[in-house]
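User: Please examine closely how the charged side chains of one part pair with each other, and then follow that part into its nonpolar surroundings. I am new to this subject, so please explain each term as it arises.

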Amino acid sequence: MFKRITLFLITNLAVLALVSIVMAIFGVNPSTFAGLLVFAALFGFGGSLISLFLSKWTAKRFSGAQVIEQPRSEVERWLVETVKRQAQAAGIGMPEVAVYDAPEINAFATGANRNNALVAVSTGLLRSMDRDEAEAVLAHEVAHVANGDMVTMALLQGVLNTFVIVLARVVARALSQYMGRDMGGMAYFAVVFALDMVFGLFASMIAMWFSRHREFRADAGGAALAGRPKMIAALERLAQNHGQNTLPKQIAAFGISGGIGHGLKRLLMSHPPLEERIAALRNAPPETLREGVLV
């Protein structure tokens, strides 16, 4: 927990410092609308892009994933060879392959680009899945990399962050003018903070909608690389052995297994329910599966 908080603070301080330096160099005044747009874009995209470029390092640190440099067992050799074969089929560079200690069946992929990624599986997955099912999970993660999901998610988050920052401050200024007087410093910042929370909630819903959409695409990509029966079997195994997701929040959205939610909570889920993913794969026409991986 301490490492996560420290990294969060360092990242945000770095973004603030970068934004301040850039705006000072170019003489941008954040009190004007144009200045506000520049500030929002720099801050909104700055955090997302820094997180993207640090994603592999962050994932290794937070999950404790150990990269397989030289396979020490037949299982590790199989993992590396399977990912290598799938990466070649998907037309991407060979990702790093890692194993992290966790009781649940899970895996994740992350990285700044298609040719510099990380694919990691949990020890729980290696204990609970047979080779066909594990192959499909690896294919799902390789499909995430091939589809550029990490980059797209970072850019989307940057756009959403920018709109939240701008809208919160524009609405706060409009409220101040509507009341016929300028709000004091503390009152203004309190209103901005509240609006950031409200608009941020809606932004999170949009981001999680895209996250759920990309899971369907990655399932299709996994079926294209490993075969539809194997991908369906892997998802069915996940449904039977679903447990608590122990992945850190920063990379949980990139795992193959997500949480369970209903009502409003469902709108904030990063993954669709497993039964919906299984049904989508069963009913998908062959051409949809062929388009699941962008080669």
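Analyst: R85 counts as partly exposed, because its relative accessibility is 44%, and this class lies between buried (under 20% relative accessible area) and exposed (over 50%), computed with a 1.4 Å probe on protein chains only. The model is predicted, so local features need a pLDDT of at least 70 and side-chain atom pairs count only at pLDDT 80 or more, while totals for chains, interfaces and linings use all residues. Residues are numbered from 1 along each chain as its sequence is written, and side-chain values use heavy atoms, with hydrogens and water left out.

The partner of R85 is E135, and the two form a salt bridge whose closest N and O atoms are 3.3 Å apart; the term requires a side-chain nitrogen of Lys or Arg within 4 Å of a carboxyl oxygen of Asp or Glu. R85 belongs to helix 4 (residues 74-90) and E135 to helix 6 (residues 131-146), so this bridge ties together parts that are 50 residues apart in sequence. Helices (H or I, at least four residues) and strands (E, at least two) are DSSP runs, numbered from the N terminus. Unlike R85, E135 is buried, because its relative accessible area is 11%.

Helix 6 takes part in a second bridge of this kind. R237 pairs with E133, with 3.2 Å between the closest N and O atoms. Here R237 in helix 9 (residues 228-240) and E133 in helix 6 are 104 residues apart, so distant parts of the chain are again linked. R237 is partly exposed, with a relative accessible area of 25%, whereas E133 is buried, with 7%. In addition, R85, D132, E135 and K230 are joined into one network by salt bridges that share partners. Across the whole structure, the search finds 12 salt bridges.

Helix 6 also matters for the nonpolar interior. The largest nonpolar core has 40 residues, and L79, L125 and M231 have the most contacts inside it. Such a core is a set of buried Ala, Val, Leu, Ile, Met, Phe, Trp, Tyr and Cys residues joined through side-chain atoms within 4.5 Å. Helix 6 contributes eight residues to this core, the most of any contributor. If neighbours within four places in sequence are left aside, L125 is in contact (heavy atoms within 4.5 Å) with E104, I105, N106, A107, A134 and V137. Another core, of nine residues, lies apart from the largest one and includes Y100, A102, L118 and A120.

Helix 9, which holds R237, packs in turn against helix 12 (residues 274-283), at an angle of about 165 degrees and with the axes 10 Å apart. Axes are lines fitted to C-alpha atoms, for helices over the stretch in contact, and angles run from 0 to 180 degrees between N-to-C directions. The two helices are therefore roughly antiparallel to each other, a label given to angles over 145 degrees, while those under 35 count as roughly parallel, 65 to 115 as roughly perpendicular and the rest as oblique. Helix 9 supplies R228, M231, I232, L235, E236, L238 and A239 to the contact, and helix 12 supplies L274, R277, I278, L281 and R282. M231 thus appears in this contact and is also one of the residues with the most contacts inside the largest core.
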